[in-house]
Amino acid sequence: MPWSRIRGWMAPVQDWLALHLKRGTIPAQPLTITLAGIVGILAGYSSIFLSMMIHWVEDWTLRPAMQLAHNHWIGLIALILCPVIGLVIVSWYTRKYYPEAVGHGVPEVVKAIARKDGVIRPPVAIVKLLASGLCIGTGSSIGREGPIVQIGAAFGSTAAQIFQLSARNIKVLAAAGAAAGISATFHAPIAGVIFASEIILGNFAVESLSAIVIAAVLANVVQQNQGDHGLAPEFPHIEHKFDGAYHELPSYIFLGIVCGLMAVGFTKLLYWFEDQSEFWIPKHWVRSIACGLLLGVIGTTYYVIYPVAPEQSVAAQHDPKRSEPIPVLYGTGYAAISHTLHLENAEKLSDRDLNEADSHHENVRLSRQQMWQHLIWLLPLVLVKPFLTSACLAGGGSGGIFAPSLFIGATTGAVIGLILNLFAPDYCDHPGAYALVGMGAVVAGTTHGTLSAIVVVYELTDDYRIILPIMAAAGISSLIARWVDPESIYEKKLSRRGESIARSHDLHHIENIAVRDVMVRKFPTVKHTDNVMQIIKIARENPHIESIPVMNEDGTLHGIIRPEDLHRVLDTDVSPYLVNAHDIAMISPIAVSPDENLLEALRDFGTRDVGTLPVEIQTAGKRVLIGLLIRADVMARYREELLKN
C-alpha cells in the first residue's frame with residue numbers, strides 16, 4: 001500500500017493532535033517523557049514481533065527444507081535457495097522504495113540524528129521490521145539488533161514529528177527508541193541506555209537520559225511479560241568466574257589483542273566485499289542471487305558435515321528444537337553462541353563440580369579428544385562467518401552486525417580457550433569463559449563502544465563474576481581496533497559516502513588546548529573616535545582579522561566592529577566620515593581568558609554569534625586586551641587534532 005494513501009488517512013488525526021496536543025499546549029519535557037514511554041512500549045512489542053516473524057518464516061522455509069533434506073537431495077537444494085529468495089525479495093523492495101532500510105540500520109540512525117535533526121521517515125519502521133524478519137528467517141547470516149534499533153528510532157522520530165516537537169527533542173526520542181530496541185532485544189536495559197548515549201547520540205547529556213531510561217525500562221517490561229524468556233537472560237546458566245588469578249590474566253590480554261584484530265578484519269572485509277561485489281556484479285538483483293547462493297552453498301555444506309555440534313549439552317539432547325537447530329551459519333547464530341559459552345574442560349572439574357554441573361544441563365563437559373573435535377568444528381566458523389555476513393549485506397540484506405560480532409567473538413574466544421586448555425591447562429580457565437570474554441571484546445572492537453560492549457555481555461548472561469576479564473579484553477580490543485582503523489563499523493559506512501560526522505564525544509580533542517595556544521597576539525585596533533573611513537583603511541591592511549577591537553581612551557576594550565557592521569553603514573546614505581567607531585561597535589562582547597580551553601570558547605562563540613572573541617586578562621584590577629580568538633582558527637585547530645588522533 002502506498003505511503004501517500006496512508007498519510008492521507010492519518011492527516012485528520014495528525015491535524016487534531018497538532019491543534020490540541022502540540023508543543024506549547026503541553027510543556028515539552030513532560031510530553032517528551034510521555035512519548036518516550038509510548039515509544040518504549042512500541043519498541044518492546046516490535047522486538048517480540050520481529051522474533052516471532054523470524055520463527056514463522058523459519059518454520060515455513062528452513063525447517064521444511066531441513067526435514068526434506070533428511071530423505072531427499074531436493075531438500076538440500078531448497079535449503080540452498082532459501083537465503084537467495086529472501087535476499088532477492090528484500091533487496092528489490094527496499095532499494096526501490098526505502099533505501100535507508102538496506103543494511104544494518106545503525107549508521108542511518110546516527111546520520112538522521114547528526115544531519116537531519118533526528119527526522120526518520122515513518123514507513124521505515126514497518127519496512128525494516130518486515131524486511132529483516134524475512135531476511136533473517138530465510139537464513140541470512142545477520143542479526144536482529146541493528147534493525148530493531150532503527151525500528152525503535154523510527155517510532156521515536158515519528159512520535160516527535162506528529163507532536164511537532166523541537167529538533168532537540170526529536171533527536172532525544174529517536175535515541176530513546178534505539179535504547180528501547182536494544183533493551184527489548186537483548187533483555188538489557190542498561191546496555192540500551194549506554195548504547196543510545198555512547199553510539200547513537202555520541203554524548204551522555206543529562207537532559208536526554210530521562211527519556212532514554214524510561215523508554216528502555218518500559219521496553220524491557222514488555223519483553224519480560226510477553227517475550228520468549230521472561231526474566232531470564234538471553235544466555236542463562238553461565239558458571240564462569242574470575243577469582244583474580246594472576247596466571248590467567250595474560251591469556252585474557254592476548255584474547256583482547258586477537259579480538260581487536262578480528263574486529264578490524266571484519267570491518268574491512270565487510271566493506272571490501274561490498275565494493276568488490278558492486279564492481280563485478282553491477283546489477284543489484286544478480287548480486288543478491290550470487291550472494292544468496294554463496295551463503296546457501298557454504299551454509300548447507302557445513303550443515304551436511306556438522307548438523308549439530310560435536311558434543312551437545314544434556315538439555316539440547318532432550319529438547320527436539322535444540323537438538324536440531326537451523327544450520328549454524330544461518331540466521332543470528334545464537335544457538336552456537338550459547339553452546340560455546342557452556343564449554344568446560346572435564347579434566348578440570350572435581351567430583352563436586354561434576355555433581356553441581358549435572359544440575360545445570362546447559363554445561364558441555366569435554367574430554368581432551370572432544371576438545372580437539374570442537375576446535376576443528378569452530379575454526380572454520382571463525383573465518384567463514386564474517387565472510388557470509390559480508391555477503392548478505394552486500395547482497396542487499398536487511399539486518400545488523402551486532403549478532404555476527406557476538407558470534408565471531410564467542411567462536412574466536414572458544415578457539416583460543418580450547419587451544420589453551422589443550423596445551424597450557426594450568427594457565428587458563430574453561431573454554432566457555434574465553435567465549436564469553438571474546439563476545440565483549442569483538443563488539444567493542446567493531447563498534448568502538450567499549451562501555452556498551454561490557455554492559456551488554458554482562459546483561460546477556462546475568463553473570464558479574466567474570467566482569468574483570470571482559471573489561472580488560474574489551475578495552476584492549478577497542479584500543480587495538482582504533483589504532484589500526486580509527487573508524488568504527490558504523491562510522492565507516494558513513495565516511496565511505498562522504499558523510500563523516502563529528503560526534504560530540506570527539507570534542508574532547510580540544511579540551512586540552514588552551515586559548516593562548518590559538519589566539520592571535522598581533523592585531524590592529526581603532527579608537528572609539530575613529531570614523532568609518534579610518535576603520536576601512538585598517539581593515540584592508542589586515543584582511544586576516546575578521547573583527548577589529550575598539551579601544552577607549554584609557555586603553556580598555558570598548559567593543560568590536562564586525563564586517564557586517566561596516567557593511568550596514570556603507571549601505572546607507574550617511575557619510576562614512578560622520579559615523580564613528582563607538583556608533584557601530586558591538587558593546588561589551590563576551591571576552592575569554594587565555595586559560596580557558598577551546599571547548600569553552602566554542603560555547604562562547606555560539607552565545608553571541610560572533611566570529612571573533614577578545615582575549616583579556618585582569619591586571620591591577622583592570623581588564624587588558626592581549627589577543628583575539630578567531631572562530632576559523634579554532635575550527636582549523638579542531639580539524640587538525642581530529643585528524644591527528
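In this predicted model, Glu274 and Arg496 form a salt bridge, their closest N and O atoms being 3.3 Å apart. Because Glu274 lies in helix 11 and Arg496 in the loop between helix 22 and strand 3 (526-527), the pair ties together parts that are 222 residues apart in sequence. With a relative accessible area of 22%, Glu274 is partly exposed, and Arg496 counts as partly exposed at 35% relative accessibility.

Arg496 also meets the side chain of Asp275 in a salt bridge of 2.7 Å, N to O. This pair likewise links distant parts of the chain, with Asp275 in helix 11 and Arg496 in the loop between helix 22 and strand 3, 221 residues apart. Asp275 counts as partly exposed at 36% relative accessibility.

A further salt bridge joins Lys493 to Glu108, with the closest N and O atoms 3.2 Å apart. Lys493 belongs to helix 22 (residues 489-495) and Glu108 to helix 5 (residues 106-115), so parts that are 385 residues apart in sequence are tied together. Both Lys493 and Glu108 are buried.

The three salt bridges described above are set out below.

| Salt bridge | Closest N to O | Separation in sequence |
|---|---|---|
| Glu274 and Arg496 | 3.3 Å | 222 residues |
| Arg496 and Asp275 | 2.7 Å | 221 residues |
| Lys493 and Glu108 | 3.2 Å | 385 residues |

The count for the structure comes to 11 salt bridges. Lys268, Asp485, Glu487 and Lys492 are linked in a network of such bridges.

Arg287, in helix 12 (residues 284-305), is buried yet has no salt bridge. The nearest side chain of opposite charge is that of Glu278, 4.6 Å away, whereas a salt bridge requires the nitrogen and oxygen to be within 4 Å. The side chain of Arg287 does reach the backbone oxygen of Pro282, at 3.2 Å. Beyond its neighbours within four places in sequence, Arg287 is in contact with residues including Arg95, Ser277, Ala394 and Gly395.

Helix 11 (residues 249-280) also holds Ser251, which is buried with a relative accessible area of 7%. Leaving aside neighbours within four places in sequence, Ser251 is in contact with Leu420, Tyr427 and Tyr434.

Aromatic rings provide another set of interactions, with 14 aromatic pairs found in the whole structure. One of them is the tilted pair of Tyr93 and Tyr98, at 6.5 Å centre to centre and 45° between the planes. Tyr93 is partly exposed, at 33% relative accessible area, while Tyr98 counts as buried at 9% relative accessibility. Ring pairs link these two residues with Trp92 and Tyr97 into a cluster. Elsewhere, Lys385 lies over the face of Phe407, at 4.7 Å from the ring centre.

How values were computed. Residues are numbered from 1 along each chain as its sequence is written. This is a predicted model: local features need pLDDT of at least 70, side-chain atom pairs count only at pLDDT 80 or more; totals for chains, interfaces and linings use all residues. Side-chain values use heavy atoms; hydrogens and water are left out. Rings of Phe, Tyr and Trp (its six-membered ring) pair if their centres lie within 6.5 Å; planes under 30 degrees apart count as stacked, over 60 as edge-to-face and the rest as tilted. Buried means under 20% relative accessible area, exposed over 50%, partly exposed in between (1.4 Å probe, protein chains only). A charge sits over a ring if NZ of Lys or CZ of Arg is within 6 Å of the ring centre and within 35 degrees of the ring normal. Helices (H or I, at least four residues) and strands (E, at least two) are DSSP runs, numbered from the N terminus. Contact means heavy atoms within 4.5 Å. Lys and Arg count as positive and Asp and Glu as negative; His and the chain ends are not counted. A polar contact is a pair of N or O atoms within 3.5 Å; within protein, one must be able to donate a hydrogen and the other to accept it, and residues adjacent in sequence count only if both atoms are side-chain atoms.
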